[in-house]
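Thanks for coming, everyone. Please bring up the sequence and the structure, and I'll walk you through them.

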Amino acid sequence: MKSETLDLLIIGAGPAGLSAADVAAREALDYLVIEKGTIANTIRQYPVGRTLFSTPNELEMQEGTLRPVREKPTREELLSHYIHFVLDRNLRISSGEEVIDIQHSEPEIFLVQTKGTDTLGQQITETYRTRRILFAIGAMDHPRRLNIPGEDLLKVHHRFVEPYPYIRKEALVVGGGNSAAEAALFLSEEGARTTMAIWREDWENRDPKAGAMKHWVRTPLEREIAEGRLRVILYKQIDEITAREVTLTTETGEKRTILNDVVFVLVGSDADLTLLKELGVKTTAGKYAEVPVYDPETFETNVAGIYVAGHFTNARHIKAAIDVPRKIVPLIAQSLVAPVGR
Ligand SMILES: Cc1cc2nc3c(=O)[nH]c(=O)nc-3n(C[C@H](O)[C@H](O)[C@H](O)COP(=O)(O)OP(=O)(O)OC[C@H]3O[C@@H](n4cnc5c(N)ncnc54)[C@H](O)[C@@H]3O)c2cc1C
């Protein structure tokens, strides 16, 4: 157990956690970020070479510091921006360490238990004492599944990294959002024989506010279709995945079996709310998924001293993930002067 007591422990080093760390440093808080993966782990998991949807002012940690070669940055440019932000400001981040348990044994103190591995692969555990906790855990922990036979085959992926291993392979992409559309486009453009299985309502959705495919994805996607490289199937359900085939039911109820070498199931992902629930944080049905209940001004949950920020709180873009901690970390600093549990 670490002997000192932190003012603020931040869980997650995505845009929300990094923004929180920066403000915590400026507020002279004794803080630490615990990150189970790497700095900006979610962005690191974007497809290789991907261009962001957002402009630099919506992504940068400090105005004017993200200068991409083109109008919008690539995954690599954004990652480098976040990493240099951490290095330049010497932010306190422990990566490769996962928060696995939190105990609230004393009124003003949380005990946070973590696990990681050393260079020999041996598991190490640590316990931190902290007065406040900010959950900035994102919503990537549980990729959504189809829950059908064959989904655990090695050829089935719930994340898309790059198209290059699949050239001249029969690829199926399942999903109706931008991630699925982008993956289908990348695969098709790089010579995978690609089929996209999408629900009609997603295919026909043109409303950007309702998550419609971005037009700069749709336009080249439609070109791939028109030129006969990409096939779209409007489907009702995927029935089964086998070593060489996929069986699905089309929207008109017809059963189809298609040849297949690789499947990408890109139907969204959910946060892991287990730690929050174990602490007694209430949750509710949000617009897209279950979300914690929190005060919209302070982002404090019903458990005094526990705060939430970023993607899993409904703020589903990087800009909101960066902006919210700028507002709430000063409030957390103030609350450390006045006692919790008002
Ligand atoms: C393919 C894809 C493309 C996207 N494109 C865009 C885009 O163009 N523009 C845009 O604005 N948004 C985009 N988004 C959304 C954007 O990535 C998120 O809104 C953003 O990452 C949210 O930041 P965050 O800090 O809330 O969460 P995240 O970036 O997800 O960070 C959360 C961090 O918490 C860590 N963590 C979770 N649990 C624990 C634990 N128990 N212990 C320790 N660490 C933990 C995770 O490893 C992760 O690093 C995209 C998302 C995806 C998947």
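**A walk through the model**

Let's start with R223, which sits in helix α7. Keep in mind that this is a predicted model. Is R223 buried or exposed? Neither label fits: R223 counts as partly exposed, because it has 14 C-beta neighbours inside 10 Å. The cut-offs here are 20 or more for buried and 12 or fewer for exposed. Now look from R223 across to L276. Those two are 53 residues apart along the chain, and their C-alpha atoms are separated by 45 Å.

Helix α7 also brings us to α5. Elements that cover the buried residues of α5 include α7 (215-226), along with β9 (170-174), β10 (193-198), β11 (230-241) and β14 (262-265). How many of the 12 residues of α5 are buried? Ten: the count is 10 of 12, so to speak of α5 as mostly covered is fair, given the cut-off of 20 or more C-beta atoms within 10 Å. The buried set is S179, A180, A181, E182, A183, A184, L185, F186, L187 and S188. Note E182 in that list. A quick check on geometry. Helix α5 runs over residues 178-189, and at 1.5 Å a residue its 12 residues should span 16 Å. The end C-alpha atoms are 16 Å apart, so the two agree. Just after α5, G191 takes a positive phi of about 90°.

Next, the sheet. What is the strand order? It reads β8-β14-β9-β10-β11-β12-β13, an open sheet of seven strands with mixed pairing. The edges are β8 (156-157) and β13 (255-259), each pairing on one side only. Let's take some of the pairs in turn.

- β8 and β14 run parallel, joined by two bridges. Here H157 stands opposite F264 of β14.
- β10 and β11 are also parallel, over five bridges. A197 faces I233 in β11.
- β11 and β12 (residues 245-250) run antiparallel, again with five bridges. Q237 is opposite T249 in β12. A hairpin of three residues makes the link from β11 to β12.

Now over to α1. This helix is mostly covered too, with 10 of its 12 residues buried. They are P15, A16, G17, L18, S19, A20, A21, D22, V23 and A24. The cover includes β1 (5-11), β2, α4, β3, β6 (123-135) and α9. On length, 12 residues at 1.5 Å each should give 16 Å. The end C-alpha atoms of α1 are 17 Å apart, which agrees.

What follows α1? A28 comes just after the helix, with a positive phi of about 60°. A28 is a residue other than glycine, and its place is the loop between α1 and β2. A28 counts as exposed because it has 9 C-beta neighbours inside 10 Å. Please also look at N90. N90 is not a glycine either, yet its phi is positive, about 50°. N90 lies in the loop between α4 (75-89) and β3 (93-95). With 8 C-beta neighbours inside 10 Å, N90 counts as exposed.

On to the interior. The largest nonpolar core has 56 residues. Which members touch the most others? L9, I10, A20, I133, Y307 and A309 do. Helix α9 gives the most to this core, seven residues. Take A20, which we met in α1. Leaving out residues up to four places away in sequence, A20 touches I10, L134, A136, A309, P325 and V329. Apart from this core lies another, of 29 residues, among them A180, M196, V246 and V265. A180 is one of the buried residues of α5.

Last stop, the ligand. There are 30 residues around it, and G12, G14, N41, G138 and G310 come nearest. Two or more shell residues come from each of α1 (15-26), β2 (31-35), α2 (41-44), β4 (97-106) and α9 (318-337). Which element gives the largest share? That is α1, with three residues. By class, the shell holds 14 nonpolar, 12 polar and four charged residues.

So, two elements to keep in view. Helix α1 gives the largest share of the shell, and α9 gives the most to the largest core. That's my tour, and I'm happy to go back to any part.

Definitions and conventions: Residues are numbered from 1 along each chain as its sequence is written. This is a predicted model: local features need pLDDT of at least 70, side-chain atom pairs count only at pLDDT 80 or more; totals for chains, interfaces and linings use all residues. A residue is near a molecule or strand if its C-beta atom, placed from the backbone, lies within 6 Å of it. Helices (H or I, at least four residues) and strands (E, at least two) are DSSP runs, numbered from the N terminus. Ala, Val, Leu, Ile, Met, Phe, Trp, Tyr, Cys and Pro count as nonpolar, Asp, Glu, Lys and Arg as charged, and the others, Gly among them, as polar. The expected span of a helix is 1.5 Å times one less than its number of residues. Two residues are in contact if their C-beta atoms, placed from the backbone, lie within 7 Å. A nonpolar core is a set of buried Ala, Val, Leu, Ile, Met, Phe, Trp, Tyr and Cys residues joined through C-beta atoms within 7 Å. Two strands pair if DSSP finds at least two bridges between them.
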